[in-house]
Amino acid sequence: MARRRKGEDEHENHERWLVSYADFITLLFAFFVVMYSLSSLNEGKYRIMSDSVVSAFRNIASNSESARIISSPIPSIRPQVAPTPSDATEAERKSRAERVKNMAEEIRKVLAPLVADGQVRVTEGAFGITVEINASVLFAPGEAQLGADAVRALRAVAEVVAGAEFPITVEGHTDITPIATAMFPSNWELSAVRASSVVRLFVEGGVKPSRLTAAGYGDQRPVADNLTPDGRARNRRVTILIESRVPEAEVSKPVKASGVTDSILPADAATPLPQAPAEGR
């Protein structure tokens, strides 16, 4: 009787790769389960998920001789607490707020006659000090050249802000009354040149040019109704923004015009500036 050759009745198993593939899929699933658990901020869920995954791995290890699972503890993730500001930082913030408050008070004093007449408004906010000046006390209608009284008043303001480091933006605004002259074809040019005139005077008064910006907005940012004479007079203005950016909690409340009684204007500037005309740019 002829002997069978070795392997004659044996058939090669071509589906053995399924075992490795199944183990790979199981481990991949467990990996993504762990990654998902790490995205949660609940530490209790971390522990429950960690115990479940470790238990599942141990069951696989017990059913497969080739499986070797090494478990490591999942580090706990606790919500991060924002660091509290240091004493030095808090002291600097308070010092900055105090300087801004003092600067605003000095500006109110040097412009006291205009503040009392309602021609100037000085306010403080989260982003600094805003000085709003009616254009009629600075310029003649349709002009951008500062008057002599306006120069004296603005020089006093320049002396107050020259020693600070805060950026300053000077904005020119007009009403909706159109203008078309050889020098000013529109309100855009008029508002921009008026702002530049104030900036140039500030530079002459000792303010660093790098701190200054001039901007003209024409009639695009009204603060009152342009359909009334009073509203148009209010919209014709120059706004000086001193960008101190002090937190709102440290900023003092604006002082009403009636509350300003003291003035430190120079002797030659004590004469009240001209009042606003009924109409004009």
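In this predicted model, the largest nonpolar core comprises 38 residues, among which Leu-111 and Phe-202 touch the most other members. Several helices and strands give two or more residues each to this core. The helices in question are α3 (87-110), α4 (112-117), α5 (148-161) and α6 (187-204), and the strands are β1 (120-125), β2 (128-134), β3 (168-173) and β5 (237-242). Helix α5 gives the most, with 7 residues.

The surroundings of Phe-202 were examined with its neighbours within four places in sequence left aside. On this basis, Phe-202 is in contact with Leu-154, Val-157 and Ala-158, and also with Ile-168, Val-207, Leu-212 and Ile-240.

Charged side chains were considered next. Side chains of opposite charge can pair when their charged atoms come close. The model contains 10 salt bridges by the rule applied. One of these joins the side chains of Arg-121 and Glu-132, with an N to O distance of 3.5 Å. Because Arg-121 belongs to strand β1 and Glu-132 to strand β2, this pair ties together parts that are 11 residues apart in sequence. The two partners were also assessed for accessibility. Arg-121 has a relative accessible area of 35% and is partly exposed, whereas Glu-132, at 11%, is buried.

Helix α5 holds both partners of another salt bridge, Asp-149 and Arg-152, which are 3 residues apart and thus separated by about one helical turn. The closest N and O atoms of Asp-149 and Arg-152 are 2.0 Å apart. Asp-149 is partly exposed, at 22% relative accessibility, and Arg-152 is likewise partly exposed, with a relative accessible area of 26%.

A further salt bridge is formed between the side chains of Arg-155 and Glu-204, at 3.4 Å from N to O. Since Arg-155 lies in helix α5 and Glu-204 in helix α6, the pair ties together parts that are 49 residues apart in sequence. Arg-155 is partly exposed, its relative accessible area being 33%. Glu-204, by contrast, is classed as exposed, with a value of 51%, a figure that falls over the 50% cut-off for exposed residues.

In addition to these pairs, a network of salt bridges links Arg-96, Arg-99 and Glu-165.

Helix α5 thus appears in both parts of this description: it gives the most residues to the largest nonpolar core, and it contains Arg-155, the partner of Glu-204 in helix α6, as well as the pair Asp-149 and Arg-152.

How values were computed:
Residues are numbered from 1 along each chain as its sequence is written. This is a predicted model: local features need pLDDT of at least 70, side-chain atom pairs count only at pLDDT 80 or more; totals for chains, interfaces and linings use all residues. Side-chain values use heavy atoms; hydrogens and water are left out. A nonpolar core is a set of buried Ala, Val, Leu, Ile, Met, Phe, Trp, Tyr and Cys residues joined through side-chain atoms within 4.5 Å. Buried means under 20% relative accessible area, exposed over 50%, partly exposed in between (1.4 Å probe, protein chains only). Helices (H or I, at least four residues) and strands (E, at least two) are DSSP runs, numbered from the N terminus. Contact means heavy atoms within 4.5 Å. A salt bridge is a side-chain nitrogen of Lys or Arg within 4 Å of a carboxyl oxygen of Asp or Glu.
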